[in-house]
Amino acid sequence: MPSPEFVFASLAPTSSTGSKATTDYVPRLRYCIYRGMWSQLPENKHNDAPKNPRVYDSDMPAFTTDVRMQKVKELFASSAGKAGKDEQVQGSGSGGPCEAAFWVKEKGTQWRIKGTAFVVAPDIEGPEESSGVRTVKSEVGGRMRVVEGGEGKEGEWSWGKELTGHFGNCSPGMRGSWKNPPPGTPVEGEPDQDHQLAQKVYDLEDLIARSNFRVVVIKPDEVEQTDLSDPATARRWKYTLVYGAQDGKGEWKKEELWP
């Protein structure tokens, strides 16, 4: 796509929004940038980060974000663990429900992806594994498929290296955004020297930027494709992931619908 923006929707606890809605959660959405499928880091000649070998592919879209933004808190708060405090959302984890919508104008086609989202944080590799890290590696890792020629190389693939690779794929200006003043906080006086707008970061291990940098992985269980390019032949297709009773691996079931 010439411009890979999409709309990402999550659920926020009503109690945290000031909304007068009578439901437990209210929808929140924003535009994000699609960064490729998880485990298939897009090539970028300007990225000097060490790369993983080609071992896996997946059907899980990924995007980058800042841990200080509300979407991260919403994903944790709407997950089974219902983690709502700031200290509970700093590491890897989640599993909150989400939906992503792409409009590919050039093709007259809309894609809607429904599923759950998981946050990959710096603790994804370390001496100790938190319950959140184990959740991510189980839920996301379970949908990563070994590619032809990748057999036997699984041990060479690193979660931390993939995370750094996504950071490296961002421009210096984008990396600098993770050193902005805290998003969504009031503008009161001048921010401190470490948190300024329009910074450029060239160090792939910049302490502040990397502490705020996150990759979000969408694990889909239903996908809808609506082709409106020709009104006379407009169609919608729904793909639903159906798990088999034998091996627990899912297969996509395709159904053609009226748009």
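**Exercise 1. Determine how β5 and β6 are joined, and then follow β6 to its pairing with β8.**

Solution. In this predicted model, β5 and β6 run antiparallel and are joined by 11 bridges. The two strands form a hairpin with 4 residues between them. In the turn, glycine 108 has a positive phi of about 60°. A register point is given by alanine 100, which stands opposite isoleucine 113 in β6.

The next step is the partner β8. β6 and β8 pair over 12 bridges, again in the antiparallel sense. Here phenylalanine 118 stands opposite valine 217 in β8.

**Exercise 2. Establish whether helix α1 is enclosed or open, and place lysine 73 within it.**

Solution. Begin with the count: 7 of the 8 residues of α1 are buried, so the helix is largely enclosed by the rest of the structure. The buried residues are Lys71, Val72, Lys73, Glu74, Leu75, Phe76 and Ala77. The cover over them includes β1 (5-13), β2, β4 (62-66), β5, β6 and β8.

Now take a single residue. Lysine 73 belongs to helix α1, which spans residues 70-77. Its relative accessibility is 19%; because the cut-off for buried is under 20%, lysine 73 counts as buried. Neighbours within four places in sequence aside, lysine 73 is in contact with Val67, Arg68, Ala83, Asp86 and Val89.

**Exercise 3. Classify the ring pairs of tyrosine 34 with phenylalanine 102 and of tryptophan 38 with tryptophan 157, and state which parts of the chain they tie together.**

Solution. The model holds 11 aromatic pairs. In one of them, tyrosine 34 and phenylalanine 102 lie 5.8 Å centre to centre with 85° between the planes, which is edge-to-face. Tyrosine 34 is in the loop between β2 (25-33) and β3 (56-57), and phenylalanine 102 is in strand β5 (residues 93-104), so the pair ties together parts that are 68 residues apart in sequence. Tyrosine 34 is partly exposed at a relative accessible area of 25%, whereas phenylalanine 102 is buried at 8%.

For tryptophan 38 and tryptophan 157, the ring centres are 6.1 Å apart and the planes stand at 80°, so this pair too is edge-to-face. Tryptophan 38 lies in the loop between β2 and β3, and tryptophan 157 in the loop between β7 (145-146) and α3 (159-169); the pair therefore ties together parts 119 residues apart in sequence. Tryptophan 38 is buried at 0% relative accessibility, and tryptophan 157 is buried at 8%.

A further step concerns clustering: ring pairs link Phe6, Phe8, Tyr34, Phe63 and Phe102.

**Exercise 4. Identify the charged groups that sit over the ring of phenylalanine 167.**

Solution. The charged end of arginine 175 sits over this ring, 5.9 Å from its centre. The charged end of arginine 210 also sits over the ring of phenylalanine 167, at 5.2 Å from the centre.

**Exercise 5. Describe the largest nonpolar core and the other core that lies apart from it.**

Solution. The largest nonpolar core has 25 residues, of which Trp38, Val120, Val140, Met144, Trp159 and Val215 touch the most other members. The elements giving two or more residues to this core are β6 (109-120), α2 (131-139), α3 and β8 (213-227). With neighbours within four places in sequence set aside, methionine 144 is in contact with residues including Trp38, Tyr56, Met60, Trp157 and Trp159.

Apart from the largest core lies another, of 21 residues, among them Phe76, Ala100, Phe102 and Val216. Of these, Phe76 is also one of the buried residues of α1.

Conventions
Residues numbered from 1 in each chain as written. Predicted model: local features only at pLDDT ≥ 70, side-chain atom pairs only at ≥ 80, totals over all residues. Heavy atoms only, no water. Buried < 20%, exposed > 50% of the residue type's maximum accessible area, 1.4 Å probe, protein only. Contact = heavy atoms within 4.5 Å. Phe/Tyr/Trp six-rings, centres within 6.5 Å; stacked < 30°, edge-to-face > 60°. Lys NZ or Arg CZ within 6 Å of the ring centre and 35° of its normal. Core = buried A, V, L, I, M, F, W, Y, C linked by side-chain atoms within 4.5 Å. Pairing = 2+ DSSP bridges.
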